[in-house]
Amino acid sequence: MDFQLTEQQVLVRDMAKSFAEAELLPRATKMDRQEFLDPEVFATMGELGLWGLTIPEAYGGAGMGNVELALVLEEINRACASTGVTLSVHNSLLGSPIMRFGSDAQKQRWLPELASGKRIGAYCLTEPNAGSDAAAIATSAKLVGEQWVINGTKLFVTNGAFAGLFIVYARTDASVSKAKGISAFLVPKETPGLTIGKAEKKCGIRASSTTEVLFDNARIPKDALLGPLNGGFKIAMDTLDGGRIGIAAQALGIGRAALEASIKYSREREQFGKPIGDFQAIQWKLADMSCQLEASRMLVLKAAWLRDRKESCTQAAAQAKLTASRTANFCADECLQIHGGAGYTDHFHVERLFRDARITEIYEGVTDVQRIVIARGLVPS
Ligand SMILES: Cc1cc2nc3c(=O)[nH]c(=O)nc-3n(C[C@H](O)[C@H](O)[C@H](O)COP(=O)(O)OP(=O)(O)OC[C@H]3O[C@@H](n4cnc5c(N)ncnc54)[C@H](O)[C@@H]3O)c2cc1C
């Protein structure tokens, strides 16, 4: 066993940390209030190679793995969770399935544009009547001549407003049981019949984009099918294994920001003639936060390491997401409490951390779904 990061991992983590502190921290509160990510941030992320972090060098990416992505995502989310989810979805929910299931032609066509950030990726699974029960999707794809024709409505699509390429899950066989009749498609934004619907107003991660995506006889070529016909649900679930590691790393970054803000404030704020950090009640909060964060970090890195080794990481990813997302909410809550009344106002960024932490227990599988996945591994049916 070796807990030492490689030289390359340290380099990429430190690069992400410098970028996050210089470019994201000063903008995060403003972007949150404006509910908009600064395009300059996107451009700098392209220059740093972050859009293509996990895409192989042959396609213009940096060719790194999930461990490096997790290290980068912790740093980015520590500064700005809206930027963090944008990057996580792009790399883990779109780049990853193309690399794992795409044909050579699909890789050649899409990976270079994803690696450069020319096209940002989005993942369209959720629908009005299919959330946790994702296999219940009703969006359909029918082969008409040499084209697939897609009809349906996707909800809550991260990056929807500015994505250039969508992975869309649609029903291709209604005669078989739910999960067996679903296929995955790569759909560029310029597809006739694809429109971006309502943008959601959110509790947290307000600068990130979350929209409806509507398909009205949207026509794509026959070869837009990703992976085997009716094999889409497996792709969706395999993809979420990687995505959950990204969200767990996001939670870790938010939780770490909360601990750091708590330490700083507990040294500065004085009551009863001394810094509040001198009270054991505050010290115990800090100690509990640090233990839960370190445990979460171990789970995140282990799950990422398993995925890089191409071993099954379904349970490990769910354990990491479940633990890290609860930790983020615990830390953000304690952090707000330590800041007292000021923490409840916009005097500090801790109210943003509190709002941003909440989503990590919801998307890419709610907390109860993570429990179901973990229990399934413990008690196979
Ligand atoms: C900001 C944001 C971004 C998102 N981004 C994307 C995206 O990019 N792509 C995408 O496809 N989706 C996305 N989603 C959708 C997200 O993944 C779903 O919201 C999530 O999976 C939960 O589905 P639901 O909202 O329909 O809740 P429901 O499934 O309706 O759950 C409601 C409640 O019922 C509980 N519940 C449901 N089933 C069970 C069960 N079997 N056992 C116990 N309890 C259960 C849940 O825990 C929850 O408390 C996003 C959502 C948000 C809010």
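## His339, a buried loop residue

In this predicted model, His339 has a relative accessibility of 3% and therefore counts as buried, the cut-off for that term being under 20%. The residue is placed in the loop that links helix H8 (314-338) with helix H9 (340-343).

Leaving aside residues up to four places away in sequence, the contacts of His339 are Ala261, Ser262, Tyr265, Phe348 and Val350.

## The nonpolar cores

In soluble globular proteins, nonpolar side chains tend to be buried together. The largest nonpolar core of this model contains 93 residues, and the members touching the most others are Leu24 and Tyr169. Helix H6 (residues 232-268) supplies the largest share of this core, with 16 residues.

Which residues does Leu24 touch, not counting those up to four places away in sequence? They are Phe19, Met31, Val41, Ile76, Ala79, Cys80 and Thr83. Separate from the largest core is a second one of 19 residues, with Cys124, Val168, Ala170 and Ala218 among them.

## The ligand and its surroundings

The ligand is surrounded by 18 residues, of which Tyr123, Thr126, Ser132, Phe156 and Thr158 are the closest.

Polar contacts to the ligand involve both backbone and side-chain atoms. Leu125 places a backbone N or O atom 3.0 Å from a ligand oxygen atom. For Ser132, a polar side-chain atom lies 2.6 Å from an oxygen atom of the ligand, while a polar side-chain atom of Thr158 is 2.8 Å from a ligand nitrogen atom. On its own the ligand has 970 Å² of accessible area, and the protein covers 63% of it.

Conventions: Residues are numbered from 1 along each chain as its sequence is written. This is a predicted model: local features need pLDDT of at least 70, side-chain atom pairs count only at pLDDT 80 or more; totals for chains, interfaces and linings use all residues. Side-chain values use heavy atoms; hydrogens and water are left out. A nonpolar core is a set of buried Ala, Val, Leu, Ile, Met, Phe, Trp, Tyr and Cys residues joined through side-chain atoms within 4.5 Å. Buried means under 20% relative accessible area, exposed over 50%, partly exposed in between (1.4 Å probe, protein chains only). Helices (H or I, at least four residues) and strands (E, at least two) are DSSP runs, numbered from the N terminus. Contact means heavy atoms within 4.5 Å. A residue is near a molecule or strand if one of its heavy atoms lies within 4 Å of it. A polar contact is a pair of N or O atoms within 3.5 Å; within protein, one must be able to donate a hydrogen and the other to accept it, and residues adjacent in sequence count only if both atoms are side-chain atoms. Accessible areas come from the Shrake-Rupley method with a 1.4 Å probe; for residues, only the protein chains shown count as cover.
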